[in-house]
Every structure is written in structure tokens, then in C-alpha cells.
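Please look through the structure shown below with the following explanation at hand, which goes from a loop to the helices beside it and then on to the sheets.

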Amino acid sequence: MVVLGIETTCDETAAAVVERPEAGPGKILSNIVLSQIAEHSAFGGVVPEIAARAHVEALDMVIAEAMAEAKIGFGALDAIAAAAGPGLIGGVIVGLTTAKAIALVNERPLIAVNHLEAHALTARLTDGTPFPYCLFLASGGHTQIVAVLGVGHYVRLGTTVDDAIGEAFDKTAKLLGLGYPGGPRVEQEALAGAADRFALPRPMLGRPHADFSLSGLKTALRLEAEKVAPLRDEDVRDLCASFQQSVVEVVADRLRAGLKIFRDRYGGPTALVAAGGVAANQAIRKALQHVAFEAGTALVVPPPALCTDNGAMIAWAGAERLALGLTDTLAVTPHARWPLDDVRGPPTPTTAASAADVGKGSAESNNEAGEPEPQ
Ligand code: KG4
Ligand code: ZN
């Protein structure tokens, strides 16, 4: 099964061709990602209108490159998949409309993929991870702990009540004059900083639920920075290290809580899976390793290029859905907001989970009210 995937929900214009075998991990035939960082960096964040225009200009070329590298014609594809949300609506419209055109002209099935579902299923593309597993999704727009029970069967166990983790990294970087995107810059500065110099809070530490709150940490960091201003290089390094250390401890604690909830409801997960741009952070990866080991489960973290936004994850999610007959019509609409809990799946998960787990998971997922997401 060979699928073209298109990703345009934020500031990457991406297309990829992925092959899904009957079982086990997938094969990436091509994976082209064009970052718009240069277009947005002057503004210290993503400007939606600039993003949408840049997608329009680049997408045809990016798709052509993905097809050429995969050495495949449109007629040989089994389906065309595009991220239909959540994300910046202008970009989503560009990607989904292009996918519709390719599907219509070539008489291939269309699959409208939820961007978060694509992050959630990436561990199956890279490692063939069986269901059910516990997902930690941390990106610029989302921070969630999710029970992944099967394709289209996701139960959110925890989420952020304010800022997303990537957003907190980006705002910290902006405050300290480090530029955009902030995550990699803060991580770099933190390497040589003293993590114990500034006493920053650890929000939500020890709470039994699995939610996050990061805006208080951001405010505390700003107050500490104001106290020592004007900032020398050493101050910036120490502030980054102290901030990252606080995030690492919070993430570890929240995941311990999330894994406990998972175990109580569904039994042991097959793995703890990390996804989203923040999963590229080495200090956070190390903490996840520790938490997974404590919980007696494996840690699966896709390589950094597949943690950040890319077309391969969209193509793979499309292939997983196609395998279950979950295709869409040309009438499908783009969504700015589209919580994971609302993603449509087969009536019962085709997973390793027992029938009892399945019933429980679906019922809870239906009952959970969608909390507002930052994106
Ligand atoms: O998943 P992603 O590429 O895009 C979406 O937001 O969907 O994630 C981007 C986010 C940005 O906030 C960026 O600062 C953060 O991931 N990020 C990092 C690192 N690399 C990227 N945060 C911390 N450490 C990193 N090394
Ligand atoms: Zn993403």
C-alpha cells in the first residue's frame, strides 16, 4: 500500500511517499520538508497569512520532488492523504485542496488525516509499535498524554490548561532574545548553564491527574530575568538551564501520573511513545527514558526529523486508515480545531487490547469533553 502524504498545518510545507506492508514498520520512499523559518523569524513566531502564501507557492514543487524521489507516478498511488487540521486554517485549506485535486484527477481515494493522529501513529511507522500504547505528544501547539488504543481510538488522559510545552520554550527564547524557533536554542544554551541557579516553580507536581500548566513557569522566569537584567551571556545560559530543568521534572512527574491512569484503565502499555517537536530535546528524552524504565515499559521516540512536522507521518496515518477502509469524500472540510478524541475510527479498535479494554476506552473517549486547544 503506497500513499502520498501532504502536511501544511503550520510552518512546514511537506510531502512524502510511504509504503505500508501488511505488518510491521513502514518504508519511507521520500520525505521532503521545506521549512518556512526564514519567512517568519523576523516576526518572532509564525504569521498565518505568510504561512498560507508560502504553502501555495511551494507545495506543488515539494510534491513533485517527493514523487520524483520515490520514483513513482500519481497513478501508482493507493491513496492521497493530507492533514485536514488542526492548524492554521489557510495552510490547511491549501494542503487539503491540493490533495483533493490529485485524488480527483487520478481517481484515487482521499484521506483527511488529523495532524495529531499522525504524530500519534508515527511510532508504528518507525518501530511497528503495537497498540495499546501511551503517547506523550509535545509540540508548539499541543501538550497531551494520550492512550492510543487503535487507529481512530484515542483517549486523552492529560493536557495543558494553558501554554503548550513548545510554546513555553518559544516564549522563553523570545524573552531572552534567542530567536525563533526557541526550543533548540534554549536547549543549546542550557547545555552550559547552571540549572540550580534560579529557583523556578514545578507547576502541578505531585497532582494525581495528568494535566500540565506552564504559564506560571514562564512568568516566574520573566521575573527572575528582570531581577538580574541587563542579562549577560552567563545569565541567559543559567536561565535556560533552570527553565529546562523545571520542564524536565514536570514532564517526568506528569507522565508518571499519566502512566498510572493508563495502567489502572487499560493494563500495561506496550510502550511509552514520544512525539512532536519537543521530543527532539535530549534532556526531555533522558527523563522519558527514566520514567519508562521505572514503569517497566519500553520508550519509543522517533528520530528528530519524524518528531517535528513532516509528510511521512501524514502518509503513514493515511495508509493505516486506508487499510481499515476509512477513506473520505471530496466533501470533507478543513478544521482549525479538531481534538484527537473526535477522530473517527472503525467501530471497535483492531488492536491487541482485550474486548473489555476496548469497550471501556471507547465509552470514556465519547464522554470526554474536548478542552480548548491552543492551536
Ligand atoms: O511538532 P512541531 O514541529 O510543530 C508543531 O507545533 O506542530 O513542534 C515545534 C515545537 C516548537 O515549539 C519548537 O520550539 C519545539 O517544538 N522544539 C523543541 C526542540 N525542537 C523543537 N523544544 C525543546 N527542545 C528542542 N530541541
Ligand atoms: Zn505537529
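In this predicted model, Gly 179 lies in the loop that runs between H5 and H6. With a relative accessibility of 40%, Gly 179 counts as partly exposed, because that class covers the values between the 20% under which a residue is buried and the 50% over which a residue is exposed. A second position helps to place this glycine in space: His 209 is 30 residues away from Gly 179 along the chain, and the C-alpha atoms of the two are separated by 34 Å.

The two helices on either side of this loop are also in contact with each other. The axes of H5 (residues 165–175) and H6 (residues 182–190) come within 8 Å and cross at roughly 70°, and H5 and H6 are therefore roughly perpendicular to each other, an angle from 65 to 115 degrees being what this description requires. The crossing in which H5 passes H6 is left-handed. On the side of H5 the contact is made by Phe 169, Asp 170, Thr 172 and Ala 173, which meet Gly 182, Gly 183 and Val 186 of H6. Sorted by class, the residues of this contact are three nonpolar, three polar and one charged, where glycine is counted with the polar residues.

H5 has a further helical neighbour in H7 (residues 215–228), and here the axes come within 10 Å and cross at roughly 15°. Because this angle is under 35 degrees, H5 and H7 are described as roughly parallel to each other. The crossing of H5 and H7 is right-handed, whereas that of H5 and H6 is left-handed. Lys 171, Thr 172 and Leu 175 of H5 meet Lys 218, Leu 221, Arg 222 and Ala 225 of H7, a contact that comprises three nonpolar, one polar and three charged residues. Thr 172 appears in both sets of contacts, since this residue of H5 is listed against H6 and against H7.

From the helices we turn to the sheets. Which order do the strands of the open sheet that contains S1 follow? There are five of them, arranged as S3-S2-S1-S4-S5 with mixed pairing. The edges are taken by S3 (27–35) and S5 (110–114), each of which has a single partner strand, so that one side of each is left without a neighbour in the sheet. On average, and with direction ignored, neighbouring strands of this sheet are turned by 20° against each other.

The pairings within this sheet can be followed strand by strand. S1 (2–7) and S2 (12–19) are joined by a hairpin of four residues, and they pair in the antiparallel sense over six bridges, with Ala 14 of S2 as the bridge partner of Glu 7. S2 is also joined to S3 by eight bridges, again in the antiparallel sense, and Thr 13 stands opposite Leu 34 in S3. Seven of the eight residues of S2 are buried, so this strand is largely enclosed by the rest of the structure. S4 (residues 79–85) and S5, by contrast, run parallel and are joined by five bridges, with Ala 82 opposite Ala 112 in S5.

Two helices lie across these strands. H3 (residues 89–106) lies across S1, S4 and S5 and runs at about 160° to S4, while H11 (residues 311–323) lies across S1, S2, S3, S4 and S5 and runs at about 130° to S1.

A further open sheet of five strands has the order S8-S7-S6-S9-S10, and its pairing is likewise mixed. S8 (153–159) and S10 (298–300) stand at its edges with a single partner strand each, so one side of each has no neighbour in the sheet. Neighbouring strands are turned here by 25° against each other on average, direction ignored. Within this sheet, S6 (residues 133–138) and S9 (residues 271–275) pair in the parallel sense over four bridges, and the bridge partner of Phe 136 in S9 is Ala 274. H9 (residues 282–294) packs on this sheet, where it touches S6, S9 and S10, and its direction makes about 150° with that of S10.

Notes: Residues numbered from 1 in each chain as written. Chains lettered and ligands numbered in written order. Predicted model: local features only at pLDDT ≥ 70, side-chain atom pairs only at ≥ 80, totals over all residues. Heavy atoms only, no water. Pairing = 2+ DSSP bridges. Axes fitted to C-alpha atoms, helices over the stretch in contact; angles between N-to-C directions. Contact = heavy atoms within 4.5 Å. Parallel < 35°, antiparallel > 145°, perpendicular 65-115°, else oblique. Left-handed = near helix turned anticlockwise from the far one by under 90°. Buried < 20%, exposed > 50% of the residue type's maximum accessible area, 1.4 Å probe, protein only.
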